[in-house]
Amino acid sequence: MLIVEHLPVLLIVISMLAAFTILIVGWWNKKTSFFISFATILVQFVMSIFILRHVMTVGTIYYWFGGWAPPWGIEYVIDALNAYVLVILLALSLICVTYSKRSIEHELPDKIVSFYALFQLLVTGLCGVTVTGDIFNMYVFVEIFSLAAYALIASRGKIALKASFTYLVLGALGACFFLLGIGFLYSVTGTLNMHDLSILLPPLYGNRVVQAAFVFFTVGLCVKMALFPVHTWLPDAHSFAPSEISAMLSGIIIEVSTYAFIRVCFSVYSLEFIIEYVPIFDFLCLVAGLGIIIGSVLAIAQYNLKRMLAYSSVSQMGYIMLAVGLSVSTHHALWGGLTPALMHILNHALMKGCLFLVAGAFIYKAELWNISDLQGLAKKMPYTCAAFTLAAISMIGVPPSVGFVSKVYIILACLDAGGWKIIFVAVLLLSTLLNLVYFWRVIEMMYMKRGEGEEGHSHSSSPVKVDEIPLSMLIPVLTLAILCIVVGIIWLMEIPIIGSFPILDRVNELFGLGVYAP
Amino acid sequence: MIVESISPLLAILCPVIGSIFVALFGKWPNIRECWTMLAAILQCLIVFSMVPTILGGDIIKYTFFTAFPNVDFGFSIDAFGLIFAITASFLWILVSSYSIGYMRGLNEHAQTRYYFFFCWAIFGAVGVAFAGNLLTMFVFYEILTVSTYPLVAHDQTPEALFAGRKYVAYLLTSGCFFLAAVILTYHFAGTTDFTNGGIPNLAEASRGALMALFAISLLGFMKAAWMPFHSWLPTAMAAPTPVSALLHAVAVVKAGVFGIVRVVCYIYGIDLMSDLGLGVVLASIAAFTMIVASLMAIAQDNLKKRLAYSTISQLSYILFGVALLNPMGVEGAMLHVPFHAFMKITLFMCAGAIIVASGKTNISEMKGLGRVMPVTMAAFAIGALGMSGIPPVCGFISKWYLALGTLEAHSLILLAVLMISSLLDIVYFFPIIYTAFFDTPEGEEFGNSRIKEASIFMLVPLTLTAIFSIIFCLFPNTFHIMDLVKLAVAGLGGGV
């Protein structure tokens with residue numbers, strides 16, 4: 001067995017061990033916690049790249065825990081889908097942890113150790129959900145990352161406690177639904193291994209219990225991914241959490257729940273079930289479409305920057321779920337199947353990650369929470385504001401940014417799906433306009449509105465002193481902002497030859513979607 | 001024949017590299033301005049170097065990559081694209097020089113930002129001119145919109161911010177329609193390449209769908225300021241005058257008109273347009289805009305606002321010519337692209353020179369101004385004569401072709417519209433000339449002649465454009481404009 005094939009489990013084990021190490025070592029020396037966390041995530045990230053490479057060149061990795069063959073033992077399975085999500089997840093975690101060093105020292109000086117221990121647990125949980133091939137194991141990891149997230153959101157204290165509690169209640173409810181679904185499936189099949197389930201289930205598709213289980217999975221995961229109308233926990237949680245956690249929450253945590261949903265739909269159940277027995281995807285499209293519009297409208301109504309970004313996430317989750325919903329009815333080689341959805345998972349992680357980190361930078365520097373506080377800030381923090389602008393125009397979808405690529409792909413998918421789904425073209429374009437309204441407001445505030453004490457036609461352009469955030473925060477922010485454009489160009493350029501676009505194509509092949517549809 | 005060449009890439013890179021140096025040398029104004037001028041001159045030379053190849057009947061192509069099957073992201077330069085590119089890049093040199101005089105004359109703030117985004121706006125405009133298909137055009141069109149926002153809102157006064165917001169709201173909304181048009185065209189025709197005579201596959205779509213697509217395309221080109229989607233343009237006059245001059249008389253609005261001509265002649269094709277009866281629709285919109293905008297121009301006292309309405313009206317001449325769907329009309333329209341640019345930029349530069357020299361913005365305050373600023377007002381008079389279609393200024397040539405086009409289309413009504421509109425042009429331009437030269441000056445400022453001509457940096461460009469406006473009438477083939485237009489029209493095929 002190659003060492004690469006052990007990496008999935010190593011990924012989880014070192015991460016989990018690091019969490020405890022941070023806690024123990026932190027007693028003696030607080031400063032070490034960041035370095036342990038950073039080193040672990042860096043190693044994990046490198047591992048995930050090796051995993052991706054192995055999956056793409058050799059094939060799916062199966063890891064049997066303790067050598068027990070499934071369905072008796074727990075199995076970790078890594079195919080193109082999880083390898084892809086894993087890389088995004090760890091890349092964003094790496095960026096957020098780099099950023100967190102200075103900002104946590106500043107914001108939560110007493111809680112550094114517990115912050116990094118929890119952060120490491122969060123990453124463990126997220127990785128666990130992505131690598132596992134066992135549905136109960138997946139539930140356990142969902143709980144691990146959720147619990148870590150509840151605690152991290154609450155770490156600021158005061159009002160954040162309420163936000164965390166709301167999330168706790170709704171998140172627990174979602175997890176309950178998920179667990180109920182697992183219980184139902186276990187009661188009829190007697191197995192928890194996903195692959196085993198997918199073999200045993202097809203004859204039982206007509207069974208009400210199996211169908212009810214699917215609905216439970218869907219509802220439970222929709223709560224976790226904050227799909228409208230069960231998004232109500234998200235705005236508070238995002239706005240009161242420390243900013244690197246907001247970035248993680250919005251950039252990857254809710255997307256990992258989407259991953260879980262895709263996994264359940266296509267690996268546990270199958271295309272046949274979704275199309276013939278519980279045709280829920282059209283309904284999902286509608287809900288997602290509503291979410292896109294309502295999320296954006298609510299975002300316009302916000303005056304708190306992070307809250308505005310949070311509502312924007314509700315809208316962006318709508319994009320992803322709309323693309324997931326369309327995936328069963330599209331057949332094109334490029335924009336068929338899950339391609340647009342998975343593409344937007346990456347794109348959204350880049351854009352929203354950047355935006356939340358910038359919002360955090362404003363808070364770090366001068367406790368600027370509201371949009372109206374940002375007046376004339378571009379002179380003071382030119383690089384941070386430039387990063388925000390790049391990410392914001394990506395969100396609006398100005399070419400050649402990632403947002404533009406996502407938008408074009410999803411629109412093409414809508415046209416490909418045809419029929420009544422063409423109305424989503426209008427929904428997406430309307431949403432672009434709404435994005436424009438709330439992001440442009442911020443850009444104008446930062447660049448064009450004159451700061452205080454700068455009245456009139458300033459001939460005496462008294463140079464405002466540049467006062468940037470520390471480099472360890474600035475580099476992550478700028479990296480994400482530049483990636484927003486670079487990745488957009490890469491998406492555009494690599495598209496032509498289907499072979500050169502293998503990851504997402506491989507996912508479609510795996511699930512029989514897009515061109516591989518029967 | 002298709003020639004692969006990197007010259008379009010080089011041309012487009014000039015403003016990009018220029019912008020980087022402008023930003024780097026922001027602290028040293030003289031060096032910064034040198035970079036702008038250098039980039040402008042270099043770009044213009046590269047664009048001119050393409051003329052012989054194009055005149056030889058070839059098409060210059062440069063492909064970056066294939067974005068979707070059958071849709072390359074790349075440039076493909078034909079005669080019509082080159083006309084627009086020549087206009088934009090040549091005038092950039094003059095406006096750069098003019099900007100130096102204007103910005104320093106008024107001691108404007110944030111000049112580095114101004115020059116930086118100016119470069120990017122030119123990047124967008126020349127990209128639109130070079131684009132080989134709708135997708136590429138869309139990308140540059142959006143870049144143009146975003147990069148001109150800081151220019152429009154340059155003053156950062158509440159009024160300028162409002163103008164900027166309105167500008168972005170209109171143009172990015174229209175960008176959404178443009179995107180929808182790109183994707184729908186791709187959906188129906190399988191490609192978005194500009195093809196002489198239109199994309200053949202497009203005709204297979206249903207009539208209703210094609211009509212809807214045309215409506216969406218028109219909405220996508222609100223930059224053309226056709227009525228009733230024009231109101232961003234007069235508001236955007238809050239921008240510094242060189243911006244209004246280059247961007248709102250040449251680059252931005254022309255990009256819109258250019259796009260519509262591309263859609264009509266190179267996506268739909270003349271035959272399909274007349275089959276669907278869309279020429280009449282476009283002609284009606286254009287005729288309405290021509291007349292109403294001229295009437296509104298009469299009511300303006302602010303000189304820049306009056307020029308803005310005049311622009312709205314003149315842009316529709318181009319749409320009008322294309323809507324005639326015959327060779328003469330299209331020729332007139334294509335000629336009007338560079339000719340109007342030269343005349344309108346003269347007028348705007350004069351308006352700016354007046355602001356810098358005397359601080360006057362309203363026409364009613366300009367009594368006797370021609371006596372103290374003879375050169376500026378003479379150039380203004382030349383531009384105004386040209387706008388009204390009076391020889392020997394080049395506006396006459398394009399109007400002549402447009403009139404021939406209406407006759408060829410056997411439509412006396414359209415001829416009447418053209419004539420009435422020309423008459424209205426005279427109505428709103430002549431009072432300005434009269435006021436400036438023949439009215440008795442009021443107030444003591446003229447007495448001790450505190451007002452002088454503006455600086456040489458401003459005076460030279462506006463004199464040059466005025467002279468060019470005359471040269472274009474006497475020798476329409478200057479810069480091979482006429483040859484290029486003939487070539488473009490000959491390539492259209494179909495009923496032409």
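**Notes on the predicted two-chain model**

1. Start with L338(A). Setting aside neighbours within four places in sequence, L338(A) contacts I262(A), V324(A), S327(A), L504(A), V507(A), N508(A) and L513(A). Keep in mind throughout that this is a predicted model.

2. Where does L338(A) sit? It lies in the loop between α13 (305–326) and α14 of chain A. Loop or not, L338(A) counts as buried, because it has 25 C-beta neighbours inside 10 Å, and the cut-off for buried is 20 or more. There is a long-range pairing here too: E509(A) is 171 residues away from L338(A) in sequence, yet the two C-alpha atoms are 10 Å apart in space.

3. On to the helix that follows this loop. The axes of α14 (residues 339–366) and α16 (residues 382–396), both in chain A, come within 9 Å and cross at roughly 145 degrees. The crossing of α14(A) past α16(A) is left-handed.

4. Which residues make that contact? From α14(A) you have M351(A), C354(A), L355(A), V358(A) and A361(A); across from them in α16(A) are T384(A), A387(A), F388(A), A391(A), A392(A), S394(A) and M395(A). Sorted by class, the α14(A)–α16(A) contact has 10 nonpolar residues, 2 polar ones and no charged ones.

5. C484(A) is worth a click. Not counting residues up to four places away in sequence, C484(A) touches L350(A), M351(A), C354(A), L390(A), A391(A), S394(A), S401(A) and V402(A). Several of those names will be familiar from the helix pair above: M351(A), C354(A), A391(A) and S394(A) are among the residues where α14(A) meets α16(A).

6. Now the nonpolar core. The largest one has 407 residues, and C354(A), C484(A) and L319(B) have the most contacts inside it. Helix α10 (residues 241–268) of chain B gives this core its largest share, 20 residues.

7. For the contact between the chains, chain A puts in 25 residues and chain B 23. On the chain A side, α17 (402–417), α18 (423–447) and α19 (471–494) each supply at least two residues. The largest share of that side, 7 residues, comes from α18(A). By class, the side of chain A that touches chain B has 19 nonpolar, 4 polar and 2 charged residues.

8. Last, a quick look at α4 (residues 112–131) of chain A. This helix has 20 residues and spans 28 Å from first C-alpha to last, close to the 28 Å expected at 1.5 Å a residue. How many of its residues are buried? The count is 19 of 20, so α4(A) is mostly covered.

Notes
Residues numbered from 1 in each chain as written. Chains lettered and ligands numbered in written order. Predicted model: local features only at pLDDT ≥ 70, side-chain atom pairs only at ≥ 80, totals over all residues. Contact = placed C-beta atoms within 7 Å. Helix = DSSP H or I, 4+ residues; strand = E, 2+ residues; numbered from the N terminus. Nonpolar A, V, L, I, M, F, W, Y, C, P; charged D, E, K, R; others polar. Axes fitted to C-alpha atoms, helices over the stretch in contact; angles between N-to-C directions. Left-handed = near helix turned anticlockwise from the far one by under 90°. Core = buried A, V, L, I, M, F, W, Y, C linked by C-beta atoms within 7 Å. Buried ≥ 20, exposed ≤ 12 C-beta atoms within 10 Å, placed from the backbone. Expected span 1.5 Å × (residues − 1).
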